[in-house]
Structures are given as C-alpha cells and as structure tokens.
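Me: Please take a close look at one part of this model, the salt bridges of a single helix, and set them beside the wider picture. A connected account would be preferred.

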Amino acid sequence: MEDSEPDEVDKLKAKFMSAWHNVKYSWVVRTKTNFSRNSPVFLLGKCYHFKSEGMDESASGCTDAAASTEIVSSNVNQFRKDFITRIWLTYRREFPQLKGCTLTTDCGWGCTLRSGQMLLAQSLLLHFLGRERPPQDISEQLDSSRNRTQTLKLNPVSTSEDEKLHRKIISWLADNPAATFGMHKLIELGENSGKRAGDWYGPAVVAHILRYLEVVVVGLLLELLQSLCSYSGEFQHIDSMAMKDQRYIFRSGSCATWRRAVEDAVEPELRGITVYVAQDCTVYIADVIEKHLQAVGSGIPKSSDRRAVVILIPVRLGGEKVNPEYKEIVKGILSLEFCVGIVGGKPKQSFYFVGFQDDSLIYMDPHYCQSSVDVSIKDFPLESYHCPSPKKMSFGKMDPSCTIGFYSRSEYDFEKIIEEVTKVLNSPSSKEKYPLFTFSRGHARDYDIDKLCMPKTESAVQISETQRRKAERLSNEEFVLL
C-alpha cells in the first residue's frame with residue numbers, strides 16, 4: 001500500500017497542475033502590436049512596406065495623399081492576410097490521455113513542441129500549397145465568423161482543393177493518437193531522447209523528434225505489411241530486409257501487391273517530404289542531396305518523384321545570453337524565401353519566430369490554452385488554428401537556444417539555400433568571428449556523426465533513469481522550466 005502512495009500523490013499533483021495551467025492559459029490579455037510605417041516588415045521571406053515609396057512630408061495634394069493611403073492600406077491588409085493564414089498551434093485541453101500518464105493537456109510544458117509543430121505546418125503549407133497560394137479571404141471570414149459565431153471556411157466554395165489540403169495538414173497535427181504529427185505521436189517519439197509527457201523539451205530535442213517521424217512511418221508500413229502477408233500465407237523473408245540509401249527494399253517479390261496497397265494506405269501524400277537535422281551546427285551537403293534523391297514510390301525514380309527536405313539546424317546564439325552580433329544573421333535568415341521560421345523563444349517560454357521589423361522579432365505564441373478540436377468531423381472549425389494578430393519581441397530578449405528551419409523542394413533549391421545562407425553568414429555586417437553554422441561537403445558518416453544520432457528502435461535497451469535525468473538536465477540548460 002505504501003508503494004502505491006507516491007504514485008497517487010504524483011497523480012494528484014499532475015491533476016492539480018493541469019487544472020491550474022488550464023485556468024492560467026485559458027485567457028489572454030489583448031494587446032495591440034505596433035508597427036512602424038518607416039521600416040519594412042519581413043514575414044517568412046516576404047517583405048511588406050507600410051509606407052508608400054513616393055510619400056514624404058512635403059507631399060501635397062489630396063489626390064496624391066489618397067493614393068498613398070490606399071497603397072499603405074493595401075500593404076497592411078496583405079501582410080495581415082499572409083500572417084493570419086499561417087497555422088497556429090497552441091496549448092490544448094481535454095484531448096485523449098497521453099501515453100504513460102494521466103495528462104489530457106499540454107498546458108505549461110508543451111510550448112516548444114507546439115512551436116515545432118508550427119514550423120512543420122509551414123513546411124507542409126509550402127510543400128502542398130506554395131508560398132504564393134494562401135487560402136483566400138481568410139482574414140475577413142475569420143472576423144465575421146468570430147463576430148457571428150459562424151464556421152470559418154478558407155474559400156467561398158467548401159470543396160476547393162486548397163481548403164481540403166489546408167484541413168488535411170491541420171488534421172495531421174491534431175491532438176489525437178492517430179494524427180501523424182500530433183502531440184501524442186511527438187510524446188511517444190520523445191522517449192527516444194529520454195523525455196516523457198510533462199517534461200521540458202528544448203528546441204534541439206524537438207528537431208530530432210521531428211526527424212524520428214520518418215522512422216515511425218516506415219515502421220508502421222512494415223508492421224502492417226507483415227500482418228497482411230502473414231494473414232495471406234505469403235510471409236516470406238519479410239524479416240530479412242536490406243536498407244539501401246535509406247529505402248527499404250524487399251528481397252521477396254511475393255508481397256509486392258500488399259506492399260503497394262500498404263504504401264497507398266499510410267498517408268501517401270507525406271511520402272514526398274522528409275526531414276534532415278544538422279549535426280554539431282553542420283549541414284552535410286551529400287546527406288541532404290541523398291534525401292532529395294530518394295524515390296517517393298517504387299520502381300525507377302523519376303525527377304518528379306524526388307523528395308522535398310525540411311532542413312532543421314539546432315544552434316546557439318551565444319552563451320548564457322544571446323550574442324547581439326548574431327542579430328543581423330537572424331534577420332537575414334528570416335528574410336530568405338526558403339526559411340520556414342525559427343523555433344526559439346525567451347527564458348521560460350518558447351515561440352515560433354516568423355519575421356522581424358527593425359530589431360524586433362515577430363512571433364506566434366503557443367501559450368494560449370484552447371479546447372481540443374475533433375478534426376474527424378466534416379468542416380471542423382478552423383478559428384482556433386489561425387492567430388488573429390502577431391506579437392513582437394526585442395532581439396535582446398531571445399534565448400540563445402533555437403532551431404532554424406528551411407524548406408528545400410529540390411536539389412536546385414538546396415543549391416540556392418547554400419548560396420543565399422552563406423551570403424548571410426558571411427555578410428560584412430556580421431562581426432562574429434565564428435559562423436552560426438556551416439555547410440560541409442560529404443556525408444556525416446564520413447565523420448562518424450551518424451552513429452551518435454541514430455534513433456533507437458523498440459528493441460533497444462530502455463534508457464536508464466540516470467541517463468534520463470542527464471538528458472533532462474541538459475535540456476533545462478536551454479530553457480527554464482515554467
């Protein structure tokens with residue numbers, strides 16, 4: 001009986017903290033974010049001007065003034081529409097219980113995971129919709145839906161392909177065990193890094209969790225395939241599989257039909273995108289190109305079958321505090337069209353940085369607790385997945401630990417990324433002696449890096465409590481626990 005008492009106490013503590021966080025983060029003070037009309041605003045590689053180029057203090061004439069006002073108003077509206085169409089992931093409550101605990105909310109501890117989800121969501125938006133194809137009129141519809149309690153639709157026609165894709169992406173990030181990139185799946189993958197629900201997750205840990213997602217999808221394919229082949233009496237040599245160029249190739253052709261059926265059944269749209277995580281602030285060029293060259297389907301790969309790659313680079317912008325010399329580099333990175341944002345924040349809080357104006361960073365804040373949404377219903381409400389207004393923060397308040405993200409659709413894009421990012425890292429305005437990160441020719445395996453970073457399998461030895469505490473201590477150095 002005594003042995004069970006600590007477990008009961010822990011459960012009561014968890015319930016109390018969950019209830020407190022639900023109350024604490026269920027309301028938010030609406031503060032107005034001010035933007036200067038004299039400086040450009042950058043949002044995920046796009047630049048907006050809130051002041052007309054021909055507008056100055058000596059300008060005269062009502063016609064000219066009216067035209068300038070119209071231009072400024074148009075730019076403000078374009079920026080607002082662009083921002084509001086980004087997918088916003090926040091704390092949620094009342095979702096199915098997380099694995100290994102009684103928690104049904106991530107309030108108070110899951111903000112970095114939410115920031116990572118937002119970066120991944122932006123990558124998926126680019127992959128399926130492109131930067132120049134935002135859902136239409138979402139800002140006006142969001143305002144009207146909130147005022148009139150109507151369901152938000154991204155387009156006037158609910159059957160539009162853009163809206164279907166937008167909803168599909170959100171469903172992949174939903175808060176249920178079946179969601180491919182949902183909180184439940186991320187918590188399961190966090191066990192590979194010695195993490196569990198309720199722990200603090202640093203930006204680097206989140207980057208590697210997103211990397212593990214590819215392994216999970218492949219493992220799910222194999223599990224289903226083995227079950228199907230066993231049931232059909234065709235279970236031959238499935239256990240003896242060769243892994244070549246990170247693609248699973250079956251030595252037995254007897255289950256080819258089943259294999260194709262399973263591949264088509266497990267989110268076929270996601271086979272065209274994968275994740276790469278830099279090691280020791282180094283992006284190994286050959287590894288990224290190798291991921292691009294992986295065939296999406298079976299058979300001889302075509303150029304159209306090449307995979308897109310989300311490149312994640314965990315870095316530190318200084319020691320205990322952010323180094324001001326990195327300010328221009330961060331701004332330069334956020335101004336690139338290939339950038340999908342930065343998972344970072346300030347001490348005690350994680351944010352998703354999407355742009356800047358002058359020396360202030362623009363971010364999306366996950367620290368707002370909302371009820372979970374059932375994404376299985378048709379035309380599920382979208383209001384809670386779109387942030388109505390941006391927030392700004394001084395660069396000097398930024399925590400030095402962060403993860404930078406890029407989206408590369410092809411080898412050509414990757415070459416452009418190398419070229420543009422290298423210019424930013426080596427810009428004359430940067431006084432920092434050592435680069436924030438580097439691009440290196442060759443593979444990580446040439447430097448024995450891969451051996452240190454391979455994800456664990458279920459058959460691997462479980463991480464010890466000492467190792468888990470060590471990982472927790474290292475992670476706590478990145479951010480202070482709420």
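**Salt bridges in and beyond helix α5**

Reply: Arg167 counts as buried, at 9% relative accessibility. In this predicted model, its side chain meets that of Glu163 in a salt bridge, with 3.0 Å from N to O. Glu163 is buried as well, its relative accessible area being 0%. The two residues are four positions apart in helix α5, so about one helical turn separates them.

Helix α5 spans residues 161-172 and holds a further pair, Lys164 and Glu161, which are three residues apart and thus also separated by about one helical turn. The closest N and O atoms of this salt bridge are 3.9 Å apart, and the cut-off for such a pair is 4 Å. Here Lys164 is partly exposed, at 45% relative accessibility, while Glu161 is exposed, at 52%.

Outside this helix, Lys391 and Asp365 form a salt bridge of 3.1 Å, N to O. Lys391 belongs to strand β13 (residues 391-394) and Asp365 to the loop between β11 and β12, so the pair ties together parts that are 26 residues apart in sequence. Lys391 is partly exposed, with a relative accessible area of 25%, and Asp365 is buried, at 12%. Salt bridges with shared partners also join Lys327, Glu328, Lys331 and Asp359 into one network.

As for the wider picture, the whole structure contains 13 salt bridges. The protein chain has 13 helices and 15 strands, and buried residues make up 48% of its 482 residues.

Terms used: Residues are numbered from 1 along each chain as its sequence is written. This is a predicted model: local features need pLDDT of at least 70, side-chain atom pairs count only at pLDDT 80 or more; totals for chains, interfaces and linings use all residues. Side-chain values use heavy atoms; hydrogens and water are left out. Buried means under 20% relative accessible area, exposed over 50%, partly exposed in between (1.4 Å probe, protein chains only).
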